[in-house]
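Q: I'm new to this one and would like to learn how to read its features. Could you walk me through them?

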4 protein chains.
Amino acid sequence: MTAHELDRAEAILAAALDLFVERGFHGTSVPSVAERAGVAAGTIYHYFSSKEALVNALYKQWKAQIASQVVTGFPFDKPAREQFRVIWERMAEFAIAHPKEIAFLELHHHGSYLDPESRQIENQLIDFGVEMVKRAQAEQVVKALPAELLVEFVDGAFLGVFRAALEGRLPMTKAMMMDAERCCWEAVRA
Amino acid sequence: MTAHELDRAEAILAAALDLFVERGFHGTSVPSVAERAGVAAGTIYHYFSSKEALVNALYKQWKAQIASQVVTGFPFDKPAREQFRVIWERMAEFAIAHPKEIAFLELHHHGSYLDPESRQIENQLIDFGVEMVKRAQAEQVVKALPAELLVEFVDGAFLGVFRAALEGRLPMTKAMMMDAERCCWEAVRA
Amino acid sequence: MTAHELDRAEAILAAALDLFVERGFHGTSVPSVAERAGVAAGTIYHYFSSKEALVNALYKQWKAQIASQVVTGFPFDKPAREQFRVIWERMAEFAIAHPKEIAFLELHHHGSYLDPESRQIENQLIDFGVEMVKRAQAEQVVKALPAELLVEFVDGAFLGVFRAALEGRLPMTKAMMMDAERCCWEAVRA
Amino acid sequence: MTAHELDRAEAILAAALDLFVERGFHGTSVPSVAERAGVAAGTIYHYFSSKEALVNALYKQWKAQIASQVVTGFPFDKPAREQFRVIWERMAEFAIAHPKEIAFLELHHHGSYLDPESRQIENQLIDFGVEMVKRAQAEQVVKALPAELLVEFVDGAFLGVFRAALEGRLPMTKAMMMDAERCCWEAVRA
DNA sequence: CATGAATGAGTTTTCATTCAT
DNA sequence: TATGAATGAAAACTCATTCAT
C-alpha cells in the first residue's frame, strides 16, 4: 500500500470510529462514514469488503493495541501490588489518550456483527488478568476468591470510573484514575 | 384498558426488551418486535406512538422499578456499612431476577433516542448513591475521595461482575454477588 | 332511519366535506373523518360502505342540490337576458351560502374515485346551460358561437370569481357576484 | 450534471407530472412515479429530497415558464385591446402546447404541500394582470370595476374554456381560444 | 347499533452495495 | 483507483377495513 492509500484507510477508520461511538453500528450509515472521511461511498469498499468488515477491522486494531500497551514489557518479576498498579496505569494512560477507542470497544463488545476472530480477541486482556491474579493468589497477596470474579470486578470498576469521566461527571485525569486504582487494590488484596 | 389490552402491551414490551438487548435499538426492527410479541406490525402503533416511544416506555418502567427496589424502605438509620450492603444486595436481587432488564438499561444508557424525561431519570440512582456516600464520609467511615468517584467505582464494579455472570463467565448467584460486595466495601471504606 | 341515525350520517358527511376540501380525497383518512364527526371509525361503515361511497354520496347530494336550486321554478318564459341573470344569481346565492360545498364539487370534479352515477350527474348543469344558450341563439340574442364554448366560458368565469372570493382576494358578496354577472352577459350577448 | 443525469431528472419530472395530474399528489405513490420514469424507486431520492420537493420543483418550473412566456417581450406600449389579446393568445399557445402542465398548476394551486417559495410564485401572473387592468382603467378603455374582479373573471373564463377542451368537450384549437378571447374582451371593456 | 382494537398491505424513505465511468 | 449514480430490499409508519365485544 502507498502512503496515500494508508491515509485513506486511516481516514475511513477514524470516521467510522467516531460515528460508531456516537450512533452505534446499526445507527451509522456507510455514506455517513464516507462523508466524514472525505471520500466517496464506493471508495470504502476498496478498503473494506463490507460495513461489518469495517467494524471488525476497528475492533481488532484497538483491542490489539490496548493489549499490547498493557502487556509489552510487563514487569513479570515485580510484586503483585506493583503489577496491579502497572496494569491499571497503562490502561488509564491508554484510556486518557484514546477515550473514544475505549468507548468503541466497550460499546461493541459482543455485537452480533463481530466475526469469530474478533470474538477470540475479546477476552484476551481478561485472560491475562486472570493469570496475574492466580499468580498473586498463590502468593496469598490477593483474596482467595475466584480469579474471574476479581478480574471482572476490577475491569468493571475501571470502566465505571472511565465512563463517568468520558461523560464529564469526573475529571479525565491520571490522578483521578490512580485514586481509583488505590481503592481497587484494597478491594482485591488479601 | 381491558386485561386483554394490557396483555398485548406487556407482550410488546417484553418482546421489545428481548430484541433491544440482543440487537440494540437501531438493530431491532418494529416488525421483528411485532413477530416476537405475536401481534401485527401495525398493532404496535396502537400502544406506542413510535419506536422511540417504545424504548422510552421500557427505559422509564425499569429505571423506576430498580430505583424503587433500592430505595423503598431504605434503612437510613443504620450504619454506612449496613447501608452499603443493603444497596448492593437489593441491586443484586434485582439483577438476578431481571438480568435482561439490567442489560437493557445499561445498553441504552445515553442513547440519542431517549427523551428528556428518560434522561432525567437516568442518574437517579447515582445521585442517591452520592448522597449516601457523603453522609458516610461525614462520619469518616468511607474514604475522603470525591463522592462521585466512589459511586461510579461501585456502580462499575457491580456491573462488571453482573455482566460477566450474564455472559456465563461467572455464576449468577447471590453468594457470588455478595462476595463482590465485600470486596467493594474494602475499596471504599476509610 | 331514526332521527338519531340521520344526525350521525349528517355529521359524517359534514366532517368528510370539510376534510375533503382541506386535504383532498387521498389526503383524508377515514379515522380523521370519524374524529371530526365525533364517532368511532367503525361507525362510518354502518352508513357508508367505503370511503369511495362516502365521497360519492357527498358528490351526488350537492350536485343534485345545486341543480335543483338553479332549475326549480326556472322562468322558461322570460327573455334570455333575464334567464341568464336568474341562473347566475341562483348560483351566486348557493355559492355564498355553501362555499365549501362548491369548492368540494370543483375539487372532486373528475376524480377517479367517482362512480358512474356521479359521473353522469357531473354535466347536468352544463347541459342545462347549453339548452338555454341554444334557445337564446335561435332568438339571436346570444353570440353565434358553439353553445358549449359559451357555457364553459360562463361557468369558468363564475368559478374564477367565486374562487377568488373564497380565497379572500375578493369580497364574497352578492353585489360583487352580480357585477361579474353584468360583465359576463356582455361576453355572451349577440 | 451530465446529460444522462439531466435525462433522468427530466424523466422523473415528466412521469410525476403525468401522475400528479391523473391522480393528485396524495393519490400518486413514489414507486409509481419511478416505474413510469423507468428508474428504481430509490433513484428518485437522488434527484429530489422528498415527494414534496418533487411537486414543488414541478410547480416552480412551470409557473416560471408560463410567466416568462406571457411577460417576455410584452408590448407595454400597445393599446389595451392589443395587450389583452397578446396575453390571452400567449396563454392559449402555452396551454395548447402544454395542456398537462396547465392542468397540473391548476390542480395543485394551494396544495398544503407547496413550500413558501412556490406559494410566492403562485399569484405572479394574477398580479401582472392587475397591473395591466389598472393601466387600462386609467385610460377608461376597461370597466371601472375592481381590477382584481376583472382579472379573476378573465382567468376563470380562460381556464373554464381550456378545461372543457382538455376534457374533450371543446376542440383544443387556437381558433376556439381566440373566439373566447373576443367574448372576454367584451366582458371587460368599458 | 356503536365501538375501537387489530390487521396487513401499502406508503415514504433510507441505505448497503454494485458498477459504469 | 476513485467516484457517486443507481439499485432494490427493508425500514418506520399509516390507514381502509373488519369484527369481537
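A: Let's start with how copies are compared: they are superposed by least squares on the C-alpha atoms of residues with pLDDT of at least 70 in both. This is a predicted model, where local features need pLDDT of at least 70, side-chain atom pairs count only at pLDDT 80 or more, and totals for chains, interfaces and linings use all residues. Residues are numbered from 1 along each chain as its sequence is written, chains are lettered from A and ligands numbered from 1 in the order in which they are written, and side-chain values use heavy atoms, with hydrogens and water left out.

Q: What rotation superposes chain A on chain B?
A: The general idea is that two copies of a chain are related by a rotation about an axis and a shift along it. Here, chain A lands on chain B after a rotation of 179 degrees with 0.1 Å of shift along the axis, at an RMSD of 0.2 Å. That's the relation of a two-fold axis. Both copies use the same surface, as 100% of the contact residues of chain A recur in chain B (contact means heavy atoms within 4.5 Å).

Q: Now the DNA. Which residues come nearest to DNA strand E?
A: A residue is near a strand if one of its heavy atoms lies within 4 Å of it. For DNA strand E there are 34 such residues, and Val30(A), Arg8(B), Thr43(B), Tyr47(B) and Thr43(C) come nearest. Of the strand E atoms within 4 Å of the protein, sugar and phosphate make up 70%.

Q: What does Gly42(C) have 3.2 Å from its polar backbone atom?
A: Look for polar contacts, pairs of N or O atoms within 3.5 Å; within protein, one must be able to donate a hydrogen and the other to accept it, and residues adjacent in sequence count only if both atoms are side-chain atoms. For Gly42(C), the partner is a base nitrogen of DNA strand E. Phosphate oxygens of strand E take part too: one is 2.5 Å from a polar side-chain atom of Thr43(C), and one is 3.3 Å from a polar backbone atom of Ala40(C).

Q: How do the residues near DNA strand E divide by class?
A: Ala, Val, Leu, Ile, Met, Phe, Trp, Tyr, Cys and Pro count as nonpolar, Asp, Glu, Lys and Arg as charged, and the others, Gly among them, as polar. Strand E's surface has twelve nonpolar, 16 polar and six charged residues.

Q: And how many residues surround DNA strand F?
A: There are 32, the closest being Thr43(A), Val30(C), Arg8(D), Thr43(D) and Tyr47(D). Sugar and phosphate account for 71% of the strand F atoms within 4 Å of the protein. On chain A, a side-chain N or O atom of Thr43(A) is 2.4 Å from a phosphate oxygen of strand F, while for Tyr47(A) that distance is 3.0 Å. Gly42(A) has a polar backbone atom 3.2 Å from a base nitrogen of strand F.

Q: How many disulfides does a search of the whole structure find?
A: A disulfide is a pair of cysteine sulfur atoms within 2.5 Å. The search finds zero over all chains. Take Cys183(B): the closest cysteine sulfur, in Cys184(B), is 8.1 Å from its own, too far for a bond.

Q: Is Cys183(B) buried or exposed?
A: Buried means under 20% relative accessible area, exposed over 50%, partly exposed in between (1.4 Å probe, protein chains only). Cys183(B) is buried, at 2%.
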